[in-house]
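Colleague: I have a model open and some labels to query. Can you take me through the reasoning behind them?

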Amino acid sequence: MEYLPNLDFNNAIAYLALVISFFSYRQNRKASKASNDIQQKQQLMGINIQLEEAWALLGGNIEKDGIYNFGKQKELNIAYRIIERCELTNPEYDKIYWLKGLYFVGKKRVDLAIEMYMKALELNPKNYLAYNNLANALSKLEKYDEAIKHYKKSNDINPNFTTAIVNLGGLHQKIGQHVEAIELYRQALVQEPEDEITYNHLGISLVKLENFDKAENAYKKAIELNDKYSYPYLNLADLYVIQKEKGKAYDMVNKAISISPDNNYAKELLKKIPSI
């Protein structure tokens with residue numbers, strides 16, 4: 001046994017047993033690691049299922065267009081309990097803190113929402129949803145420069161996430177930069193050409209620049225895409241008020257009210273039309 005020159009037979013057997021034991025240990029470690037990986041994946045799948053439930057209770061809201069679709073307070077509280085339970089299981093999962101941020105926005109605690117979004121981004125700097133929602137929260141606090149930076153970061157991470165582009169357009173619209181807003185809305189429509197919300201907001205900025213024909217077309221396109229979306233009807237009514245087209249304005253307001261009977265702005269606009 002030239003490869004074991006200094007070992008007698010018994011020592012060779014012992015050495016062979018040691019080698020076998022070593023390889024067996026390595027195989028067991030691999031098997032154990034594989035088992036742990038499977039368990040972790042299963043655990044994460046379970047957490048994600050629970051977080052999807054929480055997401056639904058929060059209203060499935062991604063804060064697009066400034067329209068919040070949060071559930072009722074009872075549903076918000078149930079969602080938060082689910083999120084906290086998931087946090088106990090996996091406190092390093094960024095999605096947990098992102099959803100906590102949405103919960104705090106629903107509770108009108110923007111300050112706490114910002115903390116949660118920041119925590120999510122510490123754990124996962126590629127969470128483009130957290131960047132988008134963080135920008136929304138900062139915009140509420142009128143921290144526009146910071147918000148713009150985070151919208152752009154969201155879009156840089158995921159260029160297909162048009163919500164960040166639309167929200168950035170909404171911020172420019174909010175501060176009166178309508179040329180920039182229009183450019184962003186049109187950019188979003190290239191990627192998502194059947195988004196009624198974007199067409200509606202495009203119309204708003206076009207009206208501000210007194211491009212009334214294109215604004216009317218944008219509102220009508222929004223309605224064509226979703227005739228149950230009340231906002232473009234109201235915006236068309238506003239446009240017709242500007243143009244002193246009383247009959248058309250009445251028609252649009254009444255359609256908006258038929259969709260959203262409790263819309264106070266529609267009721268106020270209805271009172272305003274006779275004076276034009």
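**Labels and their grounds**

Modeller: The chain holds 13 helices and zero strands. Keep in mind that this is a predicted model.

Colleague: How do you know the order of elements along the chain?

Modeller: Read from the N terminus, the run is α-α-α-α-α-α-α-α-α-α-α-α-α.

Colleague: Why are helix 10 and helix 11 called roughly antiparallel?

Modeller: Helix 10 (residues 212-225) packs on helix 11 (residues 231-242) at about 155 degrees. The cut-off for roughly antiparallel is over 145. Therefore the pair counts as roughly antiparallel. Their axes lie 9 Å apart, and the crossing is left-handed.

Colleague: Which residues of helix 10 and helix 11 meet?

Modeller: From helix 10, Phe212, Glu216, Tyr219, Lys220, Ala222 and Ile223. From helix 11, Pro232, Tyr233, Asn235, Leu236, Leu239, Tyr240 and Ile242. By class, that contact has ten nonpolar, one polar and two charged residues. Glu and Lys count as charged, so Glu216 and Lys220 fall in that class.

Colleague: What makes a residue a member of the largest nonpolar core?

Modeller: A member is a buried residue of a nonpolar type, joined to others through side-chain atoms within 4.5 Å. This core has 69 residues, and Leu51, Leu58, Tyr117 and Leu202 touch the most other members. Helix 3 (residues 94-106) gives the most, with eight residues.

Colleague: How much of the chain counts as buried?

Modeller: Of its 276 residues, 42%. The cut-off is under 20% relative accessible area.

Colleague: And what share of contacts joins residues at least 24 apart?

Modeller: 50%, among contacts between residues at least 6 apart in sequence.

Notes
Residues numbered from 1 in each chain as written. Predicted model: local features only at pLDDT ≥ 70, side-chain atom pairs only at ≥ 80, totals over all residues. Heavy atoms only, no water. Axes fitted to C-alpha atoms, helices over the stretch in contact; angles between N-to-C directions. Helix = DSSP H or I, 4+ residues; strand = E, 2+ residues; numbered from the N terminus. Parallel < 35°, antiparallel > 145°, perpendicular 65-115°, else oblique. Left-handed = near helix turned anticlockwise from the far one by under 90°. Contact = heavy atoms within 4.5 Å. Buried < 20%, exposed > 50% of the residue type's maximum accessible area, 1.4 Å probe, protein only.
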